[in-house]
Amino acid sequence: MFSIAGRSLEFFMGADKPAKPEQSALSALKSSGLGALITRAGDLADVDQTLRRSLPPALARQCRLVSWDDNRLVFHAASPVWKNKLRLHSQEVLAAAQSLGLHAREIRIKVDVGFTPNADQMA
């Protein structure tokens with residue numbers, strides 16, 4: 001078997017490299033004590049995507065779920081106009097939340113002037 005400084009030939013040829021570097025970084029972060037935060041962020045993204053599916057596509061691109069707790073969903077909207085349109089669809093959003101097992105009873109919507117809608121964002 002060929003080795004240099006205690007390393008095998010396979011090591012230098014890349015056999016010991018992880019398949020995807022981003023997975024290694026994510027695994028390292030999870031094991032560093034940030035696991036709960038990373039899990040919560042992933043859950044937030046999943047719930048956001050699911051709830052926005054209950055909205056018209058144009059509206060879904062102009063808002064996002066930023067947090068939730070036992071009784072409340074908090075959304076950010078791109079402008080006061082989109083805030084009002086989201087308010088009109090609040091019952092559909094609450095029904096979608098309940099179908100996910102969330103017990104939210106109210107929606108709080110804040111205008112986020114820094115929110116930039118992305119054409120690629122899920123609709």
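Let's start with a hairpin. Strands β3 and β4 form one, with 3 residues between them. Before going further, a caution: this is a predicted model.

Stay with that hairpin. β3 covers residues 63-68, and β4 covers residues 72-77. The two strands run antiparallel, joined by 5 bridges. To find your place, look for R64, which stands opposite H76 in β4.

Now the other neighbour of β4. That is strand β5, residues 106-111. Here the pairing is parallel, over 6 bridges. Two pairs are worth locating. F75 has I109 of β5 as its bridge partner. V74 stands opposite R108, also in β5.

Put those pairings together. You get an open sheet of 3 strands, in the order β3-β4-β5. The pairing in this sheet is mixed. Which strands stand at the edges? β3 and β5 do. Each has a single partner strand, so one side of each is left without a neighbour in the sheet. From one strand to the next, the twist averages 30°.

Is β4 mostly covered or mostly open? Mostly covered: 5 of its 6 residues are buried. A general reminder for anyone looking at the side chains: in a regular strand they alternate between the two faces of the sheet.

What packs on this sheet? Helix α4 does, and it touches β3, β4 and β5. The direction of α4 makes about 170° with that of β5.

Next, the helix partner of α4. Helix α4 spans residues 80-88, and helix α5 spans residues 90-99. They pack at an angle of about 60°. Their axes lie 4 Å apart. Angles from 35 to 65 degrees count as oblique, and α4 and α5 are therefore oblique to each other. Who makes the contact? From α4, it is L86, R87 and L88. From α5, it is S90, E92 and V93. By class, that contact has 3 nonpolar, 1 polar and 2 charged residues.

Let's look at α5 on its own. Which of its residues are buried? They are S90, V93, L94, A96 and A97. These buried residues cover an arc of only 160° around the axis, which puts them on the same side of α5. In general, an α-helix has 3.6 residues a turn, so residues three or four places apart point the same way. Turn to the other side of α5, and you find Q91, Q98 and S99 exposed. After the helix comes G101. The phi of G101 is positive, near 95°.

Finally, step back to the whole chain. How many helices and strands are there? The chain has 5 helices and 5 strands. Along the sequence, the pattern reads β-β-α-α-α-β-β-α-α-β. The chain has 123 residues, and 27% of them count as buried. Now take the contacts with a separation of 6 or more. Residues 24 or more positions apart account for 57% of those.

To recap. The sheet runs β3-β4-β5, α4 packs on that sheet, and α5 packs against α4 at about 60°. On α5, the buried residues sit on the same side, with Q91, Q98 and S99 exposed on the other. That's the tour. Thank you.

Note on methods:
Residues are numbered from 1 along each chain as its sequence is written. This is a predicted model: local features need pLDDT of at least 70, side-chain atom pairs count only at pLDDT 80 or more; totals for chains, interfaces and linings use all residues. Side-chain values use heavy atoms; hydrogens and water are left out. Axes are lines fitted to C-alpha atoms, for helices over the stretch in contact, and angles run from 0 to 180 degrees between N-to-C directions. Angles under 35 degrees count as roughly parallel, over 145 as roughly antiparallel, 65 to 115 as roughly perpendicular and the rest as oblique. Contact means heavy atoms within 4.5 Å. Ala, Val, Leu, Ile, Met, Phe, Trp, Tyr, Cys and Pro count as nonpolar, Asp, Glu, Lys and Arg as charged, and the others, Gly among them, as polar. Buried means under 20% relative accessible area, exposed over 50%, partly exposed in between (1.4 Å probe, protein chains only). Two strands pair if DSSP finds at least two bridges between them. The arc is that of the directions from the helix axis to the C-beta atoms.
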